[in-house]
Amino acid sequence: MKMDKETFDSYVNAGRIAANARDYGAGLIKVGASLLEVTDKIEKKIIELGGEFAFPPQISLNDIAAHFYPSDDDKTVFKEGDVVKLDVGVHVNGCVGDTAVTIVLGNDPKLNLLEEASREALSSALKIIKPGVTLSEIGRTIHDEITKRGFSPVRNLSGHGLDRFVIHDTPSIPNFDTGSQEQLEEDQVIAIEPFASTGAGIIYESSNPTLFSLIEKKPTRSPITREVLRDLEQYNDLPFAMRWVAKKHGPGKASFALRDLRHANALREYPPLPDKAHGLVSQAEHTVIVRDKPVITTLSQQD
Ligand code: MN
Ligand code: MN
């Protein structure tokens, strides 16, 4: 389906802001820096640049592939040898830019190679993106770049389509060759996100999620829950952080309301996703509008 100009401009703007916040955040991730403080600064930057959150910016360390977001008492400080994934999602009028980068702290050649594997897998995949390319070809390209460096692609995480206020739409863009002959179409918006692992290449859902999204507004008797629920409407069913709710309503009300909503199955939960064998994981991600000359919306300014 052909994209109108307003939509195209919104995707480009969201991508530019996401890339800007990603690069700014990557520059703050240094040995001795606090994960919580870096998270706060990235959030401020996104707002300053005029973006809205497509999801809370996530900083996932080492064997955690994705979905780590700190609670208010998080004490994590970056240290030598950390493999740090920063994943940023911004929307403008619901149009999403989704992008991630890996920062390796220190100078371990094997970890640098791990970072290179996901980055080069993304770069090679982007080179073949055009209408008509099959999901099988994309997956094979990603798989080959990662395995030739001696690592495993994470097979149960994948890229995805994007739509207005939808961060995980069809098609699912695999990180290995699934054999799928489904083809990309003109003006589809997709995020490509290879993950490379030194371990199993399979992640699992751990516990204690700090990220949620609203599935449906179930009626509730509690005035506290009702108050929080009214506030959650601002996120348009996109993921939000427990910490955002606590900041606004206080930690007591926030945890009460979220527990209430979880019991009512009104929330989707996004727990941290570690590698099954606790190998180290790297990730790279860009958002791209599929065309004969694809538009990568989340490129760095200097690229
Ligand atoms: Mn992402
Ligand atoms: Mn994504």
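Okay, let's start at the metal site. The manganese ion (ligand 2) is coordinated by Asp-98 through OD, His-160 through NE2, Glu-193 through OE and Glu-285 through OE, at 2.1 to 2.2 Å. Keep in mind that what we're looking at is a predicted model.

Now, how are those donors spaced along the chain? For the manganese ion (ligand 2), the pattern reads D-x61-H-x32-E-x91-E. Take two of them, Asp-98 and Glu-193: Asp-98 lies in strand β4, while Glu-193 lies in the loop between β8 (189-192) and β9 (195-197), so this pair ties together parts that are 95 residues apart in sequence.

Are Asp-98 and Glu-193 buried or exposed? Asp-98 has a relative accessible area of 3%, and Glu-193 has 7%. Buried means under 20%, so Asp-98 counts as buried, and so does Glu-193.

There's a second metal here too. The manganese ion (ligand 1) gets its donors from Asp-87, listed twice with OD, plus Asp-98 with OD and Glu-285 with OE, at 2.1 to 2.4 Å. Its donor residues follow the spacing D-x10-D-x186-E. Look at the first part of that pattern: Asp-87 is in strand β3 (residues 83-92) and Asp-98 is in strand β4 (residues 95-104), eleven residues apart. Asp-87 and Asp-98 are both buried.

So which residue bridges the two manganese ions? That's Asp-98, and the manganese ion (ligand 1) and the manganese ion (ligand 2) lie 3.2 Å apart. If you look back at the two donor lists, you'll also find Glu-285 in the one for ligand 1 and in the one for ligand 2.

Okay, let's leave the metals and go to a sheet. Three strands form an open sheet, in the order β11-β10-β12, with antiparallel pairing. Why is one side of β11 and of β12 left without a neighbour in the sheet? Because β11 (240-241) and β12 (267-269) stand at the edges, and each has a single partner strand. Strand β10, residues 211-214, is joined to β11 by two bridges, and these two strands run antiparallel. You can pick out one partner by name: Phe-212 has Phe-240 in β11 as its bridge partner. There's a helix here as well: α7, residues 251-263, lies across β10, β11 and β12, and runs at about 95° to β12.

Hold on to those two phenylalanines, as they turn up again with the rings. The structure holds four aromatic pairs. In one of them, the rings of Phe-212 and Phe-240 have their centres 6.3 Å apart and their planes at 35°, so we call the pair tilted. Phe-212 lies in strand β10 and Phe-240 in strand β11, so the pair ties together parts 28 residues apart in sequence. Phe-212 is buried, at 2% relative accessible area, and Phe-240 is buried too, at 0%.

Another pair is Tyr-235 with Trp-244: the ring centres are 5.6 Å apart and the planes are at 40°, so this pair is tilted. Both Tyr-235 and Trp-244 are buried. Ring pairs link Phe-53, Phe-212, Tyr-235, Phe-240 and Trp-244 into a cluster.

One last thing to find on the screen: Lys-45 lies over the face of Tyr-24, at 4.6 Å from the ring centre.

Definitions and conventions. Residues numbered from 1 in each chain as written. Chains lettered and ligands numbered in written order. Predicted model: local features only at pLDDT ≥ 70, side-chain atom pairs only at ≥ 80, totals over all residues. Heavy atoms only, no water. Pairing = 2+ DSSP bridges. Helix = DSSP H or I, 4+ residues; strand = E, 2+ residues; numbered from the N terminus. Contact = heavy atoms within 4.5 Å. Axes fitted to C-alpha atoms, helices over the stretch in contact; angles between N-to-C directions. Donors = N, O, S within 2.8 Å, 3.2 Å for Na, K, Ca; no water. Buried < 20%, exposed > 50% of the residue type's maximum accessible area, 1.4 Å probe, protein only. Phe/Tyr/Trp six-rings, centres within 6.5 Å; stacked < 30°, edge-to-face > 60°. Lys NZ or Arg CZ within 6 Å of the ring centre and 35° of its normal.
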